[in-house]
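Subject: Structure handover

Hi,

Here is the structure I promised you. Please open it next to this email and follow along as you read.

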Amino acid sequence: MISSALIIISVCALFYIFRQLYRAYPVSLLNPLLMCIIAISSVLLMFDIQYQIFFVAAQPIHFFLEIAVVALAYPLYMQFHDIKRYFVQILLCSFVGISSATLIAFSLCKLFIVDAQLSASLAALSVTTPITIIVSERLGGVSAVAAIMVILVGVFGGVFGLSLLEKMNIKTPKAQGIALGVSCHAIGTASAIEHHPIAGAYASAAMTISAVTTALWVPLFYTWLTTL
């Protein structure tokens with residue numbers, strides 16, 4: 001049995017080391033989250049440790065992770081007076097972003113002739129994992145596939161999102177925050193908070209609105225797409 005204390009100390013130490021490395025060399029591929037995933041996965045494979053055993057031992061981290069996600073609302077609270085003036089614009093951006101993500105995923109599934117169950121699993125990948133799983137299950141998808149894909153989307157956005165936005169000449173913190181919040185949920189929002197406080201606040205608002213939009217709109221939109 002793996003000690004929870006050993007897991008907590010090891011994971012925290014890994015994150016601290018990779019965070020210091022990223023601060024010294026701010027390269028996208030050295031993102032602390034990505035490096036931690038690679039390092040922990042490598043250790044589990046190297047020592048043939050089953051993920052379920054690691055997951056049970058890491059429950060204290062899982063508990064505090066949920067609290068950390070709630071803390072993402074703090075930047076939203078601090079900038080609320082400014083953000084509420086742009087509520088309609090953020091709502092429109094969220095609607096367009098969520099609809100585009102679902103349409104592109106559906107079109108790619110049609111193009112590569114994948115089965116309906118996998119297509120339903122990829123219908124809602126821009127929001128947090130719990131909402132993705134609920135929407136996927138309602139559409140007949142596989143919740144495990146949806147969970148893995150939404151985490152990959154978040155990690156990709158957290159690692160490369162800001163760089164891609166900079167290359168596309170999208171440099172205002174508000175626009176960067178909305179883009180990351182709509183497309184990369186909590187992981188993108190965390191990346192936006194580290195980048196700029198205003199970007200973090202708008203990312204938090206966009207993430208929240210996108211979650212509600214996805215839960216209400218994607219099941220209707222995806223069902224309509226399947227009838228075409």
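Let's start with Lys174. At 30% relative accessibility, Lys174 counts as partly exposed, because that class runs between the buried limit of 20% and the exposed limit of 50%. One thing to keep in mind throughout: this is a predicted model.

**Salt bridges**

Lys174 forms a salt bridge with Asp82. The closest N and O atoms of the two are 3.8 Å apart. Where do the partners sit? Lys174 is in helix α11, and Asp82 is in helix α6, residues 80-83. They are 92 residues apart in sequence, so the pair ties together those parts of the chain.

Asp82 has another partner. Its side chain also meets that of Arg85 in a salt bridge, at 2.5 Å from N to O. Arg85 has a relative accessible area of 55%, so it is exposed. Through shared partners, salt bridges join Asp82, Arg85 and Lys174 into one network.

How many salt bridges does a search of the whole structure find? The count is three. Another of them is between the side chains of Glu194 and Arg19, at 2.7 Å from N to O. This pair links distant parts of the chain. Glu194 belongs to helix α11 (residues 173-195), and Arg19 to helix α1 (residues 4-24). The two are 175 residues apart. Is Glu194 buried or exposed? It is exposed, with a relative accessible area of 52%. Arg19 is at 24% relative accessibility, so it counts as partly exposed.

**Helix α7 and the nonpolar patch**

Now look at the surface. Ile104, Leu108, Leu111, Phe112, Val114 and Leu118 make a nonpolar patch of about 570 Å². Which helix gives the largest share of the patch? Helix α7 (residues 87-111) does, with three residues. Leu108 is found in α7. Its relative accessibility is 43%, so it counts as partly exposed.

Other residues of α7 are covered. Take Ser94, which lies in this helix. Its relative accessible area is 0%, so Ser94 is buried. What does Ser94 touch, leaving out residues up to four places away in sequence? The list is Val182, Ala206, Ile209, Ser210 and Thr213. With Ser210 there is also a polar contact: the two side chains are joined at 3.4 Å.

Ser99 lies in α7 too. At 11% relative accessibility, Ser99 counts as buried. It touches Trp217 and Phe221, again not counting residues up to four places away.

**Helix α9 and its two sides**

Go on to α9, residues 129-138. Which of its residues are buried? They are Thr132, Val135 and Ser136. These cover an arc of only 100 degrees around the axis, which puts them on the same side of α9. On the other side, Pro130, Ile134 and Arg138 are exposed.

What do the buried residues of α9 pack against? They pack against α8 (116-121), α10 (143-167) and α12 (197-226). Ala147 lies in α10. It has a relative accessible area of 15%, so it is buried. Ala147 touches Thr129 and Ile133, not counting residues up to four places away in sequence. Now pick Ala13 as well. Ala13 and Ala147 are 134 residues apart along the chain, and their C-alpha atoms are separated by 26 Å.

**Positive phi angles**

Last, check a few backbone angles. Gly140 follows α9, and its phi is positive, near 90 degrees. Two residues other than glycine are worth a look as well.

- Ile113 has a positive phi, near 50 degrees. It is found in the loop between α7 and α8. Its relative accessible area is 74%, so Ile113 is exposed.
- His185 has a positive phi, near 40 degrees. Its place is in helix α11. At 4% relative accessibility, His185 counts as buried.

Find each of these residues in the viewer as you go. Send me your questions.

Best wishes

Technical notes:
Residues numbered from 1 in each chain as written. Predicted model: local features only at pLDDT ≥ 70, side-chain atom pairs only at ≥ 80, totals over all residues. Heavy atoms only, no water. Patch = residues over 30% accessible without salt bridge, like charges linked within 9 Å, V, L, I, M, F, W, Y side chains within 5 Å. Areas by Shrake-Rupley, 256 points an atom, 1.4 Å probe, with all protein chains shown as cover. Salt bridge = Lys/Arg side-chain N within 4 Å of Asp/Glu carboxyl O. Helix = DSSP H or I, 4+ residues; strand = E, 2+ residues; numbered from the N terminus. Buried < 20%, exposed > 50% of the residue type's maximum accessible area, 1.4 Å probe, protein only. Polar contact = N/O pair within 3.5 Å; in protein donor to acceptor, adjacent residues only side chain to side chain. Contact = heavy atoms within 4.5 Å. Arc of directions from axis to C-beta.
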